[in-house]
Amino acid sequence: MEKGMAKVHQCGELRCHRVIPFNQRYCDIHAPLHKHYAKVSHKDKLQAYKIYNRTQRDEVANSFYHDSRWTRVRNYVANRDMYTSALTGNAIPDEQLIVDHIIPRRLCDNPLDVSNLWCLSRKEHLIKTKLEEQIAQTNNGDNKLKHMTRPIWIKYLKERIKK
């Protein structure tokens with residue numbers, strides 16, 4: 001980098017490509033939409049994750065996601081997909097990247113099967129998780145989730161993100 005050039009990156013809002021200073025997370029247009037997020041420090045977020053893991057996440061999931069085998073598979077998938085969203089193709093910073101099970105972990109035969117894993121941003125993952133919960137509550141929901149494919153999820157998620 002040439003001397004005197006400021007570091008920049010794209011706005012953190014999905015599909016916003018405005019270039020902003022590195023010390024900002026969102027452009028001036030999207031920053032007001034994320035004020036609640038900006039007020040929470042990184043240390044507080046880490047503490048909230050620890051509390052969530054201890055109090056809300058089930059023990060099987062907690063032990064699975066803290067296992068070294070999962071860490072190796074997660075890193076492999078992130079590298080395989082070049083840290084890009086399966087939905088948008090946009091690059092995702094590591095701290096925002098979620099390696100997600102297409103068929104939920106609790107329903108798949110092998111939770112370490114890389115063909116059942118893809119990369120999503122935290123926002124995309126949250127939307128997918130909410131959809132999974134809605135589907136699971138329907139009649140025969142787990143069976144529906146077992147048969148969800150990558151193209152079907154992409155269609156559903158893109159429809160939700162447009163709204």
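In the predicted model, tyrosine 65 is partly exposed, with a relative accessible area of 25%, and its ring takes part in two of the aromatic pairings described here. The rings of tyrosine 65 and tryptophan 70 have centres 5.2 Å apart and planes at 85 degrees, and the pair is therefore classed as edge-to-face, the planes being over 60 degrees apart. Tryptophan 70 is buried, its relative accessible area being 7%. In the pairing of tyrosine 65 with phenylalanine 64, the ring centres lie 4.9 Å apart and the planes stand at 80 degrees, so that this pair is likewise edge-to-face. Phenylalanine 64 has a relative accessible area of 15% and counts as buried, because this value is under 20%. Through these ring pairs Phe64, Tyr65 and Trp70 are joined into a cluster, and the count of aromatic pairs in the model comes to three.

Aromatic rings also lie beneath charged side chains. Lysine 128 is placed over the face of tryptophan 153, at 4.7 Å from the ring centre, and the charged end of lysine 7 sits over the ring of phenylalanine 22, 5.8 Å from the centre of that ring. Lysine 128 also belongs to a network of salt bridges, in which it is linked with Asp100 and Glu132.

The count of salt bridges comes to seven. One of them is formed by the side chains of lysine 123 and glutamate 13, with an N to O distance of 3.5 Å. This pair links distant parts of the chain, 110 residues apart, since lysine 123 belongs to helix H5 whereas glutamate 13 lies in the loop between strand S1 (8–10) and strand S2 (19–21). The two partners fall into separate accessibility classes: lysine 123 is partly exposed, with a relative accessible area of 42%, whereas glutamate 13, at 14%, counts as buried.

A salt bridge also joins the side chains of aspartate 94 and arginine 74, with an N to O distance of 3.1 Å. Here, too, distant parts of the chain are linked, with aspartate 94 in the loop between H4 and S3 and arginine 74 in helix H4, 20 residues apart. Aspartate 94 is partly exposed, with a relative accessible area of 41%, while arginine 74 is buried, with a relative accessible area of 15%.

In a further salt bridge, the closest N and O atoms of aspartate 142 and arginine 106 are 3.0 Å apart. The two residues, 36 residues apart, again connect distant parts of the chain, aspartate 142 being located in helix H6 and arginine 106 in the loop between S3 and strand S4 (117–121). The relative accessibility of aspartate 142 is 32%, and this residue therefore counts as partly exposed.

The loop between S3 and S4 also contains asparagine 116. This residue counts as buried, because its relative accessibility of 8% is under 20%. When neighbours within four places in sequence are left aside, asparagine 116 is in contact with Asp100, His101, Ile102, Ile103 and Cys108. Among these contacts, Asp100 is also a member of the salt-bridge network with Lys128 and Glu132.

Positive phi values in residues other than glycine are found at methionine 82 and at asparagine 140. For methionine 82, phi is near 55 degrees, and the residue is found in the loop between helix H4 (68–80) and strand S3 (97–101). With a relative accessible area of 63%, methionine 82 is classed as exposed, because the value is over 50%. For asparagine 140, phi is near 65 degrees, and the residue is placed in the loop between helix H5 (122–136) and helix H6 (141–146). Asparagine 140 counts as partly exposed, at a relative accessibility of 46%.

Definitions and conventions: Residues numbered from 1 in each chain as written. Predicted model: local features only at pLDDT ≥ 70, side-chain atom pairs only at ≥ 80, totals over all residues. Heavy atoms only, no water. Helix = DSSP H or I, 4+ residues; strand = E, 2+ residues; numbered from the N terminus. Buried < 20%, exposed > 50% of the residue type's maximum accessible area, 1.4 Å probe, protein only. Salt bridge = Lys/Arg side-chain N within 4 Å of Asp/Glu carboxyl O. Contact = heavy atoms within 4.5 Å. Phe/Tyr/Trp six-rings, centres within 6.5 Å; stacked < 30°, edge-to-face > 60°. Lys NZ or Arg CZ within 6 Å of the ring centre and 35° of its normal.
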